[in-house]
Amino acid sequence: MSDRLYIFDTTLRDGEQVPGCQLNTVEKIEVAKALQELGVDVIEAGFPISSPGDFESVVEISKAVTWPTITALTRAVQKDIDVAAESLKYAKKGRIHTGIGTSDFHIYHKLNSNPDAIIERGVEAVKYAKKYVEDVEFYAEDAGRTDNEYLARVIEAVIKAGATVVNIPDTTGYTLPHEFGAKIKYLVDNVPNIHKAIISTHCHNDLGMATANTISGILNGARQAEVTINGIGERAGNTSLEEVVMTLKTHYKTLGIETGVNTKKIYGTSRLVSTLMNMPVQPNKAVVGRNAFAHSSGIHQDGVLKNRENYEIMDPVEVGINESAILLTARSGRAALKHRLELLGFELDKEKLDEVYEEFLKLADKKKDIRDDDIALLVGDATRKEHRIKLDYLQVVTGKSLKPMATVRLNISGEKFDATSDGNGPVDAAIKAVKKIIHRQVVIEEFLVQAITRGSDDIGKVHMQVEYEDGIYHGFGAHTDIITASVEAFLDAINKLPAAL
């Protein structure tokens, strides 16, 4: 049995069936290219007979993608298969995915047929598809609720007809993990020609067990998993790609099953799909939710700061996230607060830390979200390390018909330097002028502006996160002029760089 699991991504077919999440062809191509970079083996590009748009998407994705297999879905209907084959004419590696319902519900109540006729239709569909492509996948819809003995008869017949992959879907998300695993094992043990095809899983999440069922299927012999980014899909969704891939990676020493996925691309692909489909990822979503690597409990924070593996079984870097998040709340301890203060450039002795911690707890009881600027205000600028680089002068010229220009003078250890720059806006111009003086390749990763008071004379708070030589540095500024506050925040971060100017 191979230890390689093939990843079949159906984000662009089953995932795109979510109401309100439809993509145009250009967006689908963007996602398909991202999936190729991610390293998925198979991309199900659409259901060509369903609409001209779906047909066009399969055609264009086939042109745009180089090495993954491109699959088109059909019913066990010749016209469907004809259209699918036409849509795949530009695919470097094309697969037709055809099938029919096999449960009693589908046979008698959906298709108004009988078991023998269903097998015959399935066999005919596979044989017809083989006229167009060598690679044919057969799905036994609602296999999760199909009698195992009958399912084995269906699978044996379609493999004999030429199916290269047999898909065993838990279409309604009904099966329990041990039942689904047993179903796959039954096919492995009772279908004589099962070695001639790859067994695939396609599990839905109606009872929240899609990933568990998929893993159970894999442990019992399945070697293709049909998944979607962020677990999107019909009703409660499909099996989540990121959950399956990271489960196998985390347990590789014991399971020995690997995929071709570049896990460091997971988070970026998740964000792309979420943005294009306008479907936010729930905060507590495994692997890619914003809280997946966030810690707010004092006990957990202390443990993570001492050794990440105390409370994290995955390194966030493995999925494309820079670092774990230590969130400050009323449940945070001194260790977390001290860690955050150090990141912000504050050095406090034990007595001062205790004093600030008491004030922090009072504030945390009133505010759900404690930001860096809240901490800076608590501590006070007097406790901040003396900045070697200070803003001495800032002048900005901007307007509707003017190119934004900024002149900056910096005081660096008593010596003054001037620079002027233009930019896309006044803040951009001012930051570029500062960069001319400091000569550092600094990238702004996060730029947050917030008002402290209300009205046009607000004091603006700016929090800035910058990256320099793989390190992350935070800066804070506050001023009635938001451009000045932005420059102050940038300089606050710059002063924390190693070997500062």
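Q: What makes strand 11 and strand 12 count as a pair, and in which sense do they run?
A: Strand 11 (residues 389-399) and strand 12 (residues 402-412) pair in the antiparallel sense over nine bridges, and two strands pair if DSSP finds at least two bridges between them, so these nine bridges satisfy the definition. Helices (H or I, at least four residues) and strands (E, at least two) are DSSP runs numbered from the N terminus. The model is predicted, with local features needing pLDDT of at least 70 and side-chain atom pairs counting only at pLDDT 80 or more, while totals for chains, interfaces and linings use all residues. Residues are numbered from 1 along each chain as its sequence is written, and side-chain values use heavy atoms, with hydrogens and water left out.

Q: Which residues stand opposite each other across these strands?
A: Tyr 393 has Arg 409 of strand 12 as its bridge partner, and Arg 409 in turn stands opposite Asp 418 in strand 13. Ile 389 faces Ile 412 in strand 12.

Q: How many bridges show that strand 12 also pairs with strand 13, and what links the strands?
A: Eight bridges join strand 12 to strand 13 (residues 415-422), and the two run antiparallel. They form a hairpin with two residues between them, and in its turn Ser 413 has a positive phi of about 55°. Strand 11 is likewise joined to strand 12 by a hairpin, through two residues.

Q: What makes strand 11 and strand 13 edge strands?
A: The three strands form an open sheet in the order 11-12-13, with antiparallel pairing. Strand 11 and strand 13 each pair on one side only, and they are the edge strands. On average, neighbouring strands of this sheet are turned by 10° against each other, direction ignored.

Q: Which helices lie against this sheet?
A: Helix 17 (residues 482-494) packs on the sheet, touching strand 11 and strand 12, and its direction makes about 145° with that of strand 11. Helix 16 (residues 426-438) lies across strand 11, strand 12 and strand 13, at about 40° to strand 12. Contact here means heavy atoms within 4.5 Å, and angles run from 0 to 180 degrees between N-to-C directions.

Q: Why are helix 3 and helix 5 called roughly parallel?
A: Helix 3 (residues 78-87) and helix 5 (residues 115-130) pack at an angle of about 25°, with their axes 10 Å apart. Angles under 35 degrees count as roughly parallel, over 145 as roughly antiparallel, 65 to 115 as roughly perpendicular and the rest as oblique, so the pair is roughly parallel.

Q: Which residues make the contact of helix 3 with helix 5, and how do they divide?
A: Gln 78, Ile 81 and Asp 82 in helix 3 meet Ala 125, Tyr 128 and Ala 129 in helix 5. These residues divide into four nonpolar, one polar and one charged.

Q: What can be said about the angle and contact between helix 5 and helix 6?
A: The axes of helix 5 and helix 6 (residues 148-161) come within 8 Å and cross at roughly 25°, and the two helices are therefore roughly parallel to each other. The contact includes Ile 118, Ile 119 and Val 123 of helix 5, and Val 154, Ala 157 and Val 158 of helix 6.

Q: Where does the annotated domain lie, and what is its make-up?
A: According to an unreviewed UniProt entry, the annotation "domain: Pyruvate carboxyltransferase" covers residues 5-267. Over residues 5-267 the chain is 43% helix and 17% strand, and the end C-alpha atoms are 21 Å apart.

Note on methods. Nonpolar A, V, L, I, M, F, W, Y, C, P; charged D, E, K, R; others polar. UniProt positions renumbered as here; feature names shortened; annotations may be inferred.
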